[in-house]
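Here are some worked exercises to try with the model open in your viewer. Have a go at each task before you read its solution.

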Amino acid sequence: MTGLLAATTSAADKRAAFRAGLTSGRIQRLPGAFNPLVATLIQEIGFEGVYVSGAMLSADLGLPDIGLTTLTEVAQRGGQIARVTDLPVLIDADTGFGEPMSAARTVTLLEDAGIAGCHLEDQVNPKRCGHLDGKTVVPTEEMVRRVRAAVSARRDPNFVVCARTDAADVEGIEAAVERAKAYVDAGADVIFVEALRTVAEFEQFRAALPIPLLANMTEFGRSELIPAGLLESIGYNAVIYPLTTLRLALWAAEAGLREIHERGTQSGLIDRIQPSERLYELLRYERYAEFDSAIVDFSRGGKP
């Protein structure tokens, strides 16, 4: 039964692996997972971690990414995803779901859910997607209190607290650097600067901070899509691909539904649909069947 209903690696070990990976000299690649089965694929293919995006979770619930999701929803989905994978899971905790005390509670619940780390951002709540116009950032001192609260609440010292700043697109890169330094002083383990545009800007930020940095390679945003190898050579420690898997899935689903609507059958889609055998392989149907048979066939001998 070991490893069948849940990952074999403990939450503590996954957190230790994530922290070690951030200082390994190898960039940690974390594609977004919108459900546990996608996390299973991410692990099987060989990535270093899994990311749970706030924008992805919002979209999955049919909501825009403007701070409408709750801590309970985020922790529950994060826990479902973390349960199935031996990889560390980094989750988007938006602005901490309230005042600094709420940021502290966020860390507590995410630890309980088996998450390896979270990032908190310095936007005003309700927030906006980091690659859209109209963002507003809180004063540096307010974000410092969020970070301090989050750091003080963790019980596992390996739980990674990442501070995200949206100031580069609002106040300029130099201001974002100064904010990031204050967040590091408040205890942040990693800095995530949102919406940098070019390789040169990523290099500028790297040169300014001696701490692990995370890059966001989201499609259709402000940032140039920089290959992971180049980010690693610049000195970035982690990269997320927040919405890629959801966009791929929705594109395929929409195309397939339109074809069924127009033709009245899915017969022309069969070569673009995952075969049942592959789905059963990912779900490990055979191991469940073996376990079930072992239980059913077990005999104690004598009278029941």
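## Exercise 1: Strand 3 and its partners

In strand 4, Cys118 is the bridge partner of Ile91. Helices (H or I, at least four residues) and strands (E, at least two) are DSSP runs, numbered from the N terminus. This is a predicted model, where local features need pLDDT of at least 70, side-chain atom pairs count only at pLDDT 80 or more, and totals for chains, interfaces and linings use all residues. Residues are numbered from 1 along each chain as its sequence is written, and side-chain values use heavy atoms, with hydrogens and water left out.

Task: work out how strand 3 is joined to strand 4 and to strand 2, and where its side chains go.

Step 1. Strand 3 and strand 4 (residues 117-121) run parallel and are joined by three bridges. Two strands count as paired if DSSP finds at least two bridges between them.

Step 2. Follow the chain: it leaves strand 3, goes through helix 5 and arrives at strand 4, a right-handed β-α-β crossover. Right-handed here means that, with the strands pointing away from the viewer, the path from the first strand over the helix to the second runs clockwise.

Step 3. Now turn to strand 2. Three bridges join strand 2 to strand 3 (residues 89-92), again in parallel. Tyr51 stands opposite Leu90, and Val52 has Ile91 as its bridge partner.

Step 4. Check the side chains. Val89 and Ile91 point one way, Leu90 and Asp92 the other, and all are buried (under 20% relative accessible area; exposed is over 50%, partly exposed in between, with a 1.4 Å probe and protein chains only). In a regular strand the side chains alternate between the two faces of the sheet.

## Exercise 2: The whole sheet

Task: write down the strand order and find the edge strands.

Step 1. Eight strands form an open sheet with parallel pairing, in the order 1-8-7-6-5-4-3-2.

Step 2. Look for strands that pair on one side only: these edge strands are strand 1 (28-31) and strand 2 (50-52).

Step 3. Add the twist, which averages 25 degrees from one strand to the next. Axes are lines fitted to C-alpha atoms, for helices over the stretch in contact, and angles run from 0 to 180 degrees between N-to-C directions.

## Exercise 3: Around strand 7

Task: which strands and helices make β-α-β units with strand 7?

Step 1. On one side, strand 6 (residues 190-193) runs parallel to strand 7 and is joined to it by two bridges. Phe192 has Leu214 as its bridge partner.

Step 2. Strand 8 (residues 238-241) also pairs with strand 7 in the parallel sense, over three bridges. There, Asn216 stands opposite Ile240.

Step 3. Put the helices in. Strand 6, helix 8 (residues 199-208) and strand 7 make a right-handed β-α-β unit, and strand 7, helix 9 (residues 228-234) and strand 8 make a right-handed one too.

Step 4. Look at both faces of strand 7 (residues 213-216): Leu213 and Ala215 on one side, Leu214 and Asn216 on the other, are all buried.

## Exercise 4: Helix 6 and its two contacts

Task: describe how helix 6 packs with helix 5 and with helix 7.

Step 1. Helix 5 (residues 100-112) and helix 6 (residues 140-153) have axes 8 Å apart, at an angle of about 35 degrees. Helix 5 passes helix 6 in a right-handed crossing; a crossing is right-handed if the near helix is turned clockwise from the far one by less than a right angle, left-handed if anticlockwise.

Step 2. List the contact residues (heavy atoms within 4.5 Å). Helix 5 brings Pro100, Ala103, Ala104, Val107 and Thr108, and helix 6 brings Arg145, Arg146, Ala149, Ala150 and Ala153.

Step 3. Repeat for helix 7 (residues 173-185), whose axis is 9 Å from that of helix 6, at about 35 degrees. This crossing is right-handed. Thr140, Met143, Val144 and Val147 in helix 6 meet Arg179, Ala182 and Tyr183 in helix 7.

## Exercise 5: A loop residue

Task: is Leu196 buried or exposed?

Step 1. Locate Leu196 in the loop between strand 6 and helix 8.

Step 2. Leu196 counts as buried because its relative accessibility is 1%.

Step 3. Leaving out residues up to four places away in sequence, the residues that Leu196 touches include Ile173, Phe202, Phe205 and Tyr236.
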